[in-house]
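Open the model in your viewer and keep the sequence panel beside it. This tour goes from one selection to the next and says what to find at each.

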Amino acid sequence: SRDLYIKGKRKALSLLAFSDNSKKTLMVKLLRFGLDRSMAESIVSEMCDLGYINEDAQLFRMIERLANGQLIGPKKILARLVSKGYSPSDIKRAMREMTDSGEIDFSENKRLLLEKYSVEDGDTELENKILYKCGF
């Protein structure tokens, strides 16, 4: 059991070194690796205590990249991050904080998106399709 715990810890560290993982995502990956639930929970908790999982910092980074880097709207950001294991309330809170602080301006991002696709003024059908597709 001790050997399995050490292997599980190594697996967790390897996964976290490769990319950000939410607690939920790391838990699922450790269960797939073959750990029982209590051992996986213990390892996830330890990774949090050590500072390897900081969901708030991860959310802020990912939201900034999706909104400002890829010009994705709030609806699509929410869906994408929920699918990665983050809580909807945490995602909405982070987006609200970032829009309040000016880090994200979804109105400006809409304008940039429509400019990127060269949408002419008055072509509301195309405008609506593009905005819907991108999560606005």
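## First stop: a loop residue

Select Ser 118. Its relative accessibility is 58%, so Ser 118 counts as exposed; the cut-off for exposed is over 50%. Keep in mind that this is a predicted model.

Where does Ser 118 sit? Look in the loop between helix 7 (106–116) and helix 8 (124–133). Now check the backbone. Ser 118 is not a glycine, yet its phi is positive, at about 50 degrees.

## Another loop with a positive phi

Go to Leu 71. This residue is in the loop between helix 4 (55–69) and helix 5 (74–83). Its phi is near 55 degrees, which is positive in a residue other than glycine.

Is Leu 71 buried or exposed? The relative accessibility is 12%, so Leu 71 counts as buried. The limit that decides this is under 20%.

## The aromatic pair

Next, the rings. How many aromatic pairs does a search of the whole structure find? The search finds 1. Select Phe 106 and Phe 136 to see the pair; their ring centres are 6.2 Å apart. The ring planes stand at 75 degrees, so the pair is edge-to-face. An angle over 60 degrees earns that label.

Zoom out to see what is being joined. The pair links distant parts of the chain. Phe 106 belongs to helix 7, and Phe 136 belongs to the segment after helix 8. The two are 30 residues apart.

Add a surface to the view. Phe 106 has a relative accessible area of 14%, so it is buried. Phe 136, with a value of 16%, is buried too.

## A salt bridge from helix 1 to helix 3

Turn to the charged side chains. Side chains of opposite charge can pair when their charged atoms come close. In this model the count comes to 8 salt bridges.

Select Lys 9 and Glu 46. Their side chains form a salt bridge, with N and O 2.7 Å apart. This pair connects distant parts of the chain: Lys 9 lies in helix 1 (residues 2–18) and Glu 46 in helix 3, 37 residues apart. Lys 9 has a relative accessible area of 27%, so it is partly exposed. Glu 46 is partly exposed as well, at 22%.

## The network around Arg 93

Now select Arg 93 and Asp 56. They form a salt bridge, and the closest N and O atoms are 2.7 Å apart. Distant parts of the chain meet here: Arg 93 is in helix 6 (residues 88–101) and Asp 56 is in helix 4, 37 residues apart. Arg 93 counts as partly exposed, at 23% relative accessibility. Asp 56 also counts as partly exposed, at 36%.

Keep Arg 93 selected and add Glu 97. Their side chains meet in a salt bridge too, at 3.1 Å from N to O. Both residues lie in helix 6. They are 4 residues apart, about one turn of the helix. The relative accessibility of Glu 97 is 36%, so it counts as partly exposed.

Which residues belong to the network made by salt bridges that share partners? Select Asp 56, Asp 90, Arg 93 and Glu 97 together to show it.

## A contact in space

Go back to helix 4 and find Glu 64. Its relative accessible area is 34%, so Glu 64 is partly exposed. Now add Ile 104 and draw a C-alpha to C-alpha distance. The two residues are 40 apart in sequence and 7.0 Å apart in space.

## Two surface patches

Finish on the surface. Select Arg 65, Lys 76, Arg 80, Lys 84, Lys 116 and Lys 133. Together these form a positive surface patch. Within the patch, pick Arg 80, which is found in helix 5. Its relative accessibility is 30%, so Arg 80 counts as partly exposed.

Then clear the selection and choose Leu 13, Leu 50 and Tyr 52. They make a nonpolar surface patch of about 290 Å². One of them, Leu 50, lies in the loop between helix 3 (37–49) and helix 4.

Definitions and conventions
Residues numbered from 1 in each chain as written. Predicted model: local features only at pLDDT ≥ 70, side-chain atom pairs only at ≥ 80, totals over all residues. Heavy atoms only, no water. Buried < 20%, exposed > 50% of the residue type's maximum accessible area, 1.4 Å probe, protein only. Phe/Tyr/Trp six-rings, centres within 6.5 Å; stacked < 30°, edge-to-face > 60°. Patch = residues over 30% accessible without salt bridge, like charges linked within 9 Å, V, L, I, M, F, W, Y side chains within 5 Å. Areas by Shrake-Rupley, 256 points an atom, 1.4 Å probe, with all protein chains shown as cover. Salt bridge = Lys/Arg side-chain N within 4 Å of Asp/Glu carboxyl O. Lys, Arg positive; Asp, Glu negative; His and termini not counted. Charge placed at Lys NZ, Arg CZ, Asp CG, Glu CD.
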